[in-house]
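I opened this entry to record what I looked up in the structure, beginning with one side chain and its surroundings.

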Amino acid sequence: QKAVATASGPAKPLDYQEVYDAIAKILDNDNYDDGSYAPVLVRLAWHASGTYDKNTNTGGSNGATMRFDPEASHGANAGLAVARKLLEPIKKQFPQITYADLWTLAGVAAIQEVGGPIIPWRAGRADAVSAEVCPPDGRLPDAAKDQRHIRDVFGRMGFNDQETVALIGAHALGRCHTDRSGFEGPWTRAPTTFSNEYFKLLLEEKWVARNWTGPKQFADKSTGDLMMLPADMALYNDRTFYLQSYKYAKDSDLYFRDFSAAFAKLLELGVPFPEGSAPMVLKPTNA
Ligand code: DDH
């Protein structure tokens, strides 16, 4: 017996460029932070993916498990409800996309729309149906710690030193919020533009411990307006991290290429993509 098609026919395949364009449209908002949701969307994509453990093949962006407690309430994810809520109308507009694909695609759109490199992106993540597959707390890096911790955490995801430094340069974007992480302030003077500015400032400014009652962080000596976390200073204090940071400070093209490759890898960690799924390039809206 033959299956009978419904009146509406089979669902039209999802056009990811349409989803990308819809995300691009909601990035700017003068009343939010520095005028853009791009940084917090990049952080959502990173925290969804950076829980990956290569030894157990658990965590990572597949599943979009941050929708559930306990992961939604993990200290590292404070403030990311803003990003998840922002994407709800997009999910309603394109119900076929999974949250796991949507969050990672939003990270790609955010980077590309604020002047970052093209990041090849693959579709095919599935959403978990319960909290059972939430990764344990403590898999994301601790901002108070040093290079040993950073190597442990990024090594567990499967990244080498060069990739690790490239990824952390995403701190060119956004800022710390006292009501989220307890830290305060932006890393750069253009926190809504993707650039290698983080590395330039890290190496060129003199960083001093900020005199305040909050957690230990560093301020640029000349203005005091910018910040570095103790974990950022690890890139200055560790010889290998320093030399890599120096290369990125000097060569923006190299930085853009390496960031693209590392970020694309991050978003795919542990994802069992369906056979035949290929990376696609989504077009920036201003291109
Ligand atoms: Fe980060 N990050 N991050 N980060 N991150 C914070 C904000 C942002 C660490 C700690 C913090 C990456 C690596 C590390 C972004 C992207 C990426 C905040 C402030 C803390 C704390 C949160 C808040 O108060 O709102 C630490 C520690 C590390 C580390 O590697 C040791 C990486 C790899 C990325 C990435 O995207 C690849 C972005 C963007 C933000 C800004 C968010 C915002 O709302 O603005």
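I looked up F154 and, leaving aside its neighbours within four places in sequence, found it in contact (heavy atoms within 4.5 Å) with W46, P141, F159, T164, L167 and I168. I note that this is a predicted model, in which local features need pLDDT of at least 70 and side-chain atom pairs count only at pLDDT 80 or more, while totals for chains, interfaces and linings use all residues. Residues are numbered from 1 along each chain as its sequence is written, and side-chain values use heavy atoms, with hydrogens and water left out.

I then turned to the largest nonpolar core, a set of buried (under 20% relative accessible area, 1.4 Å probe, protein chains only) Ala, Val, Leu, Ile, Met, Phe, Trp, Tyr and Cys residues joined through side-chain atoms within 4.5 Å. It has 89 residues, and F154 is listed with V19, I23, L41, L105, F259 and F263 as touching the most other members. Helix α5 (residues 99-113) gives the most to this core, with ten residues; helices are DSSP runs of H or I, at least four residues, and strands are runs of E, at least two, numbered from the N terminus. The core draws at least three residues from each of domain 1 (16-139 + 263-268) and domain 2 (147-261), with bounds from an automatic or database domain assignment.

For the ligand, I found that its iron atom has a single donor from the protein, H171 (NE2), 2.1 Å away; donors are N, O and S atoms within 2.8 Å of the metal (3.2 Å for Na, K and Ca), and water is not among the atoms, so the site may look incomplete. H171 lies in the loop between α7 (161-168) and β1 (175-176).

Conventions: Buried means under 20% relative accessible area, exposed over 50%, partly exposed in between (1.4 Å probe, protein chains only).
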